[in-house]
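Take a moment with the sequence and the 3D view. Then follow the chain from its overall build down to single residues.

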Amino acid sequence: MTSFSWFEAPEHVKANLQRAVESWEDTEKSSQYVLKALEEDRDNLNVLVSAYRFFFYRQNYSMAIQVALKIMDMLRSKRNIPEEKREMLAYLRSNLEDYDIRLFINAYSAYAFMLMRLGSLEKATEILSLLKEIDEKGEFGISTMLGLIEVREDDNL
């Protein structure tokens with residue numbers, strides 16, 4: 001039944017995510033399925049990423065931020081990512097090819113993007129400027145997001 005065979009989660013959780021997809025046009029109903037999946041398996045990174053994407057594309061940025069922060073907290077704990085910014089950058093840079101680290105960077109940059117969308121340009125710029133230091137190849141789109149902030153700031157002048 002479920003097309004989410006590529007990640008590990010209980011079948012009933014995958015079924016709820018599938019139902020969310022099938023009821024996409026009904027935001028309230030599909031949101032309930034995603035929330036139920038989160039409730040049933042709140043510590044599964046794949047479920048969290050699915051929920052984040054759902055809330056992001058539904059433009060429910062406050063929920064997407066909550067899920068992105070949860071992803072970051074889980075990965076910070078799992079991989080012992082330092083809190084202090086310079087130490088964190090050094091750690092991320094030295095482990096850049098690791099899947100969990102890339103997921104952390106993506107969640108952190110997504111958090112900044114949503115802050116930008118909600119109008120917290122200063123905080124978004126701070127995070128993205130920090131992450132830009134490790135995005136030398138432009139793989140994470142940090143420069144593009146910083147450019148969007150510049151455009152938003154120019155529009156507000």
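The paragraphs below go from the whole chain to its core, and then to a few chosen residues.

Start with a caution: this is a predicted model. Now look at the fold. How many helices and how many strands does the chain have? It has eight helices and zero strands. Reading along the sequence, you meet the pattern α-α-α-α-α-α-α-α. The radius of gyration is 17 Å, and the globule rule gives 15 Å for 157 residues. Those values are close, so the chain is as compact as a globular protein of that length. Along its principal axes, the C-alpha trace spans about 45 × 40 × 25 Å.

Next, ask how much of the chain is hidden. Buried residues account for 47% of the 157 residues. The accessible surface is about 8,900 Å². Carbon and sulfur atoms supply 48% of that surface. Contacts tell a further story. Take the contacts with a separation of 6 or more: 49% of them join residues 24 or more positions apart. Charges can be summarised too. The chain carries 20 positive and 27 negative charges. The mean positions of these two groups are 2 Å apart.

Now go inside. The largest nonpolar core holds 57 residues. Tyr52, Phe55, Ile71, Tyr108 and Met114 have the most contacts within this core. Which elements give two or more residues to it? They are H1 (11-22), H2 (27-40), H3 (45-57), H4 (61-79), H5 (85-94), H6 (99-117), H7 (121-132) and H8 (142-156). Helix H6 gives the largest share, with 13 residues.

Pick Phe55 from that core and see what surrounds it. Leave aside its neighbours within four places in sequence. Phe55 is then in contact with Val34, Leu35, Leu38, Asn60, Met63, Ala64 and Val67.

Helix H6 offers another good stop. Leu115 sits in this helix. Is Leu115 buried or exposed? Its relative accessibility is 11%, so Leu115 counts as buried, because the cut-off for buried is under 20%. Leu115 touches Ile65, Ser120, Lys123, Ala124 and Ile127, when residues up to four places away in sequence are not counted. Distance along the chain and distance in space are separate things. Leu115 and Tyr61 are 54 residues apart along the chain, yet their C-alpha atoms are separated by 8.3 Å.

Move on to helix H8, where two residues that follow one another in number make a useful pair. Leu148 lies in H8, and Ile149 lies in H8 as well. Leu148 has 38% relative accessibility, so it counts as partly exposed. Ile149 has 1% relative accessibility, so it counts as buried. Their partners can be listed, again without residues up to four places away in sequence. Leu148 touches Phe113 and Met116. Ile149 touches Met116, Leu121, Ala124, Thr125 and Leu128. Met116 therefore appears in both lists, which a reader can check in the 3D view.

Distances from this pair are worth a look. Leu148 and Phe113 are 35 residues apart in sequence and 9.3 Å apart in space, C-alpha to C-alpha. For Ile149 and Phe54, the gap along the chain is 95 residues, and their C-alpha atoms are separated by 23 Å.

Now visit the loops. Gln59 lies in the loop between H3 and H4. Its phi is near 60°, a positive value in a residue other than glycine. Gln59 has 55% relative accessibility, so it counts as exposed. Where is Asn80 found? Asn80 is in the loop between H4 and H5. The phi of Asn80 is near 55°, again a positive value in a residue other than glycine. Asn80 is exposed, with a relative accessible area of 62%.

Finish before the first helix in the numbering. Pro10 is placed in the segment before H1. Pro10 is partly exposed, at 34% relative accessible area. Compare its position with that of Glu83. Pro10 and Glu83 are 73 residues apart in sequence. In space, they are 32 Å apart, C-alpha to C-alpha.

Terms used. Residues are numbered from 1 along each chain as its sequence is written. This is a predicted model: local features need pLDDT of at least 70, side-chain atom pairs count only at pLDDT 80 or more; totals for chains, interfaces and linings use all residues. Side-chain values use heavy atoms; hydrogens and water are left out. A nonpolar core is a set of buried Ala, Val, Leu, Ile, Met, Phe, Trp, Tyr and Cys residues joined through side-chain atoms within 4.5 Å. Buried means under 20% relative accessible area, exposed over 50%, partly exposed in between (1.4 Å probe, protein chains only). Helices (H or I, at least four residues) and strands (E, at least two) are DSSP runs, numbered from the N terminus. Contact means heavy atoms within 4.5 Å. The radius of gyration is taken over C-alpha atoms; the globule rule is 2.2 Å times the number of residues to the power 0.38. Accessible areas come from the Shrake-Rupley method with a 1.4 Å probe; for residues, only the protein chains shown count as cover. Lys and Arg count as positive and Asp and Glu as negative; His and the chain ends are not counted. The place of a charge is taken as NZ of Lys, CZ of Arg, CG of Asp or CD of Glu.
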